[in-house]
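Below is a short briefing on one chain and the ligands placed with it. The sequence and structure come first, followed by notes grouped by topic.

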Amino acid sequence: MRIAIVFFSATNNTRSMAEVIRERLEFEGAEATLCDVTSPAARAKGIDFGAYDAAVFGAPVHSLRAPKVMRDWLGTLDGNKMKCAMFFTYGGFTVHPAHYSTARILEKRHFIVVSSAEFPGKHTFNVGGWKAFTDRPDKREHALAEDFVRATLRRFSGVDGDMVSGFEQGAFNDDQLDEFEGFRFKVITELPSRNGAECCQCGMCEKLCPTGAMDCASGTVDSSACIACLGCVAVCPEGNLKINSTEQSWQMKLTMGKTTVEKLNSQVGKLYL
Ligand SMILES: Cc1cc2nc3c(=O)[nH]c(=O)nc-3n(C[C@H](O)[C@H](O)[C@H](O)COP(=O)(O)O)c2cc1C
Ligand code: SF4
Ligand code: SF4
């Protein structure tokens, strides 16, 4: 069975889980190919789904859903009744309705969603001082990925004829969810910038940027396009790109969530079958 693992990943959590899933699929005898659609160029190039028997879609949770650029791109595909699975990485807070919202898009595009999973991954805002899932994904996520792959393959092959249903829709409508996407700028109040510092102009920040917002020559971002994924900050080999400190918002986040670092970090992932 030929399987495309199609993923978006700005800071590598989703990529690392995609790699684990690929290894496990191959271990179980499938032929699995990683298809990274993080960059605008990769999404524009597209994927020939006709070359595969099934697909696995991976994304981070950004403000309760898959990142908008990924959702928009998924909305252009034609699944042609292909079976697919989904997985998400998340930073310790709200996950839903990411599964529901992504499944709804895929089903509208004629994919058949048979399973899903969510895996803890270090929170992107740790770059500025948050401390959520600092060392995840780890072996707990790898073990869960094994179960995910085994169950998903049974469904892809038809040995198990079930498919997943009943994802949490949650209390919010699409307009409210769109509004929540703006909240990231209450945490990332200063978008990535070199603040005028010189750099080697390696171009990695611009190449990685999923929205074309980064201009490596000036070291500044287009605030109307930036999604605060912080991929540029993480990739810069010179550590030149800076954001504001997120330490104050971290304390507020713990208080609002009535939680502690220990409680938060003891969370484990989940399968949806
Ligand atoms: C803009 C933005 C919004 C996020 N929103 C959430 C969220 O709603 N819930 C959550 O648990 N984590 C959230 N995160 C954390 C990411 O889901 C998490 O760090 C993810 O593993 C990053 O994946 P990547 O490394 O593949 O890019 C958010 C991260 C960013 C950048
Ligand atoms: S400029 Fe914005 S969207 Fe682009 S990589 Fe940096 S944080 Fe992400
Ligand atoms: S990644 Fe860093 S060093 Fe490379 S061009 Fe961007 S800011 Fe300069």
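A residue is taken as near a molecule if its C-beta atom, placed from the backbone, lies within 6 Å of it. By that cut-off 26 residues lie around ligand 1, and Ser9, Thr14, Pro60, Gly91 and Gly121 come nearest. The model is predicted. The chain has eleven helices and eight strands, and its domain assignment gives domain 1 (2–171) and domain 2 (191–241).

**Overall form**

- The chain has a radius of gyration of 18 Å, which agrees with the value near 19 Å for a compact globule of 273 residues.
- Taken along the principal axes, the C-alpha atoms of the chain fill a box of roughly 60 × 45 × 35 Å.
- Buried residues account for 42% of the 273 residues in the chain.
- Of the contacts between residues at least 6 apart in sequence, 79% join residues at least 24 apart.

**Domains and their contact**

- The C-alpha centres of domain 1 and domain 2 are 26 Å apart.
- Twelve residues of domain 1 make contact with ten residues of domain 2.
- On the side of domain 1 that touches domain 2, the residues divide by class into six nonpolar, five polar and one charged.

**Ligand 1**

- H1 and E4 are the elements that give two or more residues to the shell around ligand 1.
- By class, the shell around ligand 1 has ten nonpolar, 14 polar and two charged residues.
- Both domains take part in the shell around ligand 1: at least three residues come from each of domain 1 (2–171) and domain 2 (191–241).

**Ligands 2 and 3**

- Ligand 2 is surrounded by 16 residues, the closest being Cys209, Met214, Cys226, Cys229 and Cys232.
- The shell around ligand 2 consists of 14 nonpolar and two polar residues, with no charged residues.
- Ligand 3 is also surrounded by 16 residues, and the closest are Cys199, Cys202, Cys205, Cys216 and Cys236.
- The shell around ligand 3 has ten nonpolar, four polar and two charged residues.

**Nonpolar cores**

- In soluble globular proteins, nonpolar side chains tend to be buried together.
- The largest nonpolar core in this chain has 52 residues, and those with the most contacts inside it are Ile3, Ile5, Ile21, Ala55, Val56, Cys84 and Phe87.
- A second, separate core has 17 residues, among them Cys209, Cys226, Cys229 and Cys232; these four cysteines are also among the closest residues to ligand 2.
- Beyond its neighbours within four places in sequence, Ile5 is in contact with Ala18, Ile21, Arg22, Ala32, Thr33, Leu34, Cys35, Val56 and Gly58.

**Backbone exceptions**

- Most residues other than glycine have a negative phi, and most peptide bonds are trans.
- The peptide bond from His96 to Pro97 is cis, with omega near 15°, and Pro97 sits in the loop between strand E4 (82–90) and helix H4 (98–108).
- A cis peptide bond also runs from Arg136 to Pro137, with omega near 0°; Pro137 is in the loop between strand E5 (111–120) and helix H5 (139–157).
- Asn12 is not a glycine but has a positive phi of about 85°, and it lies in the loop between strand E1 (2–7) and helix H1 (13–27).
- Asn12 counts as partly exposed because 18 other C-beta atoms lie within 10 Å, where 20 or more would make a residue buried and 12 or fewer exposed.
- Asn195, also not a glycine, has a positive phi of about 50° and is found in the loop between helix H7 (184–187) and helix H8 (204–208).
- With 11 other C-beta atoms within 10 Å, Asn195 is therefore exposed.

**Helix H10**

- One of the ten residues of helix H10 (residues 247–256) is buried, so the helix lies largely in the open.
- Lys258 follows H10 and has a positive phi, near 45°.

Methods
Residues are numbered from 1 along each chain as its sequence is written. Chains are lettered from A and ligands numbered from 1 in the order in which they are written. This is a predicted model: local features need pLDDT of at least 70, side-chain atom pairs count only at pLDDT 80 or more; totals for chains, interfaces and linings use all residues. A nonpolar core is a set of buried Ala, Val, Leu, Ile, Met, Phe, Trp, Tyr and Cys residues joined through C-beta atoms within 7 Å. Two residues are in contact if their C-beta atoms, placed from the backbone, lie within 7 Å. Ala, Val, Leu, Ile, Met, Phe, Trp, Tyr, Cys and Pro count as nonpolar, Asp, Glu, Lys and Arg as charged, and the others, Gly among them, as polar. Domain bounds come from an automatic or database domain assignment. Helices (H or I, at least four residues) and strands (E, at least two) are DSSP runs, numbered from the N terminus. The radius of gyration is taken over C-alpha atoms; the globule rule is 2.2 Å times the number of residues to the power 0.38.
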